[in-house]
Every structure is written in structure tokens, then in C-alpha cells.
Amino acid sequence: MRTATYFFIFLNLSLAMFEEPAVYPLPFLATAVVEVLCLLVFLGRLAHFATVTLHSVFWKDTKNICIMVAILLSLTDLAIYGVLRVYGVSSIRWSRIVRPIFLINFAESRQIRRAFRSIRNTLPEITYVFLLFMFSLLMFSLMALKLFGERNLQTAEGLPYFRNYLEIVFDLYVLVTTANSPDIMMPAFDFSSWYALFFIAFVIVNTYIFMSLFLAVVYNNYKKHLKVQ
């Protein structure tokens, strides 16, 4: 039973690779039949579990309610998508986002639920560090706008350099990962080599200090909650 449950969960999640837009697109009818089969198996698994569980216990278990709601939403979305497709109306399968619910909420997935619960309990405790990091990013972006916004600098592609605040925030956010380094600083560096100090300070504060602090907080809190679980 456990192997069959995992197999159909994996099959249900794998449909995302074959449904439009897909890596390997298959006809809608083929993916729909497979999805209905998976949902019937999940429903049968739930019905089997209900026969060996007290009704008062079964209906108080949030996991069972989540599975039933996910099955209902998936069937509703599949029916709506099929009808719209018949009439030539383009739409999307919004119920894809509920498919991981089957992976988490079946009784066999106790270890996955434990890890998920630890992540959920960790998130509120890292909010303060994240807000502090975002404040630093926004302040450095404001400084960059004041330093470079009025100097009419251009990137290597001939685009305006650091003149839009939101674009600056995004570019500096990418710089935290060093993915656009040193390209992002070259227009300013070509104008004056002293401007390199701004980017050096940004990388030290946000990449080396904040990212290390963020990792430490996540690790310590996740480890604490995992130990409690």
C-alpha cells in the first residue's frame, strides 16, 4: 500500500512535465486520464483509511480534510479546463499547486510532514533577519540612486545605469549572490575608480555578513525545531 501510494504521488507530480506548457507535451486526454486515475487511487486510499478509523477521529484529522479538498479542487479544475478547451478558450491548470498536498498529508509521509513542520516553525524566527537584510538592501539602493542617478552613465549595452530605484534594488539583490559581479559595477568604476568602494562595502555588509548571519539563524532554528519534532 505504501509503495503504491508513493508511486501514484510521484506519477501525479510528474504530470507537470507533460501538461501544457510542458517539457514533453502530451495530448490533454492522456494526461487527464492519468490524473483521474491518480485521484481515484488517492480517494480509494482515503476510503480504506476511513474504514479502519473511528469516524470521530477521521473527520477531526486535518490531513484527511486537506486530501479531500485537494481531490475536489483537482477534479473541478480538470473539468473546467476540459470544457474551456473544447470551446477553444485558453486557460491554465491552477490546481497544479495543490498536488504537493498529497505528498505531505498521507499517513505514510510522516518524515516529510516533520521536516515541513520544522520549516514552517522556523520561518517566523528568521523574519527579523530578513527584514534587516531588506532594509540594508533598500538603503544601499537609495545611496546608489543618489550617487549614480544624475551622472548619465550607461551600461555596456547602452542602457541607462542606476536611474530607476526598483531596477537598482533588483540589480543589487542579484549582486548579493555575486551573479552579476563585476559587470554591475564596471560603468561606475570606469567613471571613477573610487566608486568601487561603494560596491566593496555593499558586498561585505550584505554578502559576507548578512548572508552568513541568515544561514546561521536558519540552521540553528531549524535544528532546534527538528530536535523538538
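Start by selecting Ser 95, which lies in the loop between α4 and α5 (helices, H or I of at least four residues, and strands, E of at least two, are DSSP runs numbered from the N terminus). This is a predicted model, in which local features need pLDDT of at least 70 and side-chain atom pairs count only at pLDDT 80 or more, while totals for chains, interfaces and linings use all residues. Residues are numbered from 1 along each chain as its sequence is written, and side-chain values use heavy atoms, with hydrogens and water left out.

With a relative accessibility of 0%, Ser 95 counts as buried (buried means under 20% relative accessible area, exposed over 50%, and partly exposed in between, with a 1.4 Å probe and protein chains only). Show next the residues around Ser 95: apart from neighbours within four places in sequence, Ser 95 is in contact with Leu 73, Ser 74 and Asp 77 (contact means heavy atoms within 4.5 Å). The side chain of Ser 95 is also joined to that of Arg 93 by a polar contact of 3.1 Å; such a contact is a pair of N or O atoms within 3.5 Å, where, within protein, one must be able to donate a hydrogen and the other to accept it, and residues adjacent in sequence count only if both atoms are side-chain atoms.

Move on to Arg 93, which is buried at 8% relative accessibility, and add Glu 19, likewise buried, at 4%. Arg 93 and Glu 19 form a salt bridge whose closest N and O atoms are 3.6 Å apart (a side-chain nitrogen of Lys or Arg within 4 Å of a carboxyl oxygen of Asp or Glu). Because Arg 93 sits in the loop between α4 (62-86) and α5 (100-105), and Glu 19 in the loop between α1 (2-14) and α2 (28-51), this pair ties together parts that are 74 residues apart in sequence.

Keep Glu 19 selected and add Arg 99, whose side chain meets that of Glu 19 in a salt bridge at 3.0 Å, N to O. Here too the loop between α4 and α5 is tied to the loop between α1 and α2, so the pair joins parts that are 80 residues apart in sequence. Arg 99 is buried, at 3% relative accessibility.

To see the wider arrangement, select Glu 19, Glu 35, Asp 77, Arg 93, Arg 96 and Arg 99 together, as these residues are linked in a network of salt bridges.

Finally, select Arg 85 and Glu 20, whose side chains meet in a salt bridge at 3.9 Å, N to O. This pair links distant parts of the chain, with Arg 85 in helix α4 and Glu 20 in the loop between α1 and α2, 65 residues apart. Arg 85 is partly exposed at 37% relative accessibility, and Glu 20 is partly exposed at 46%.
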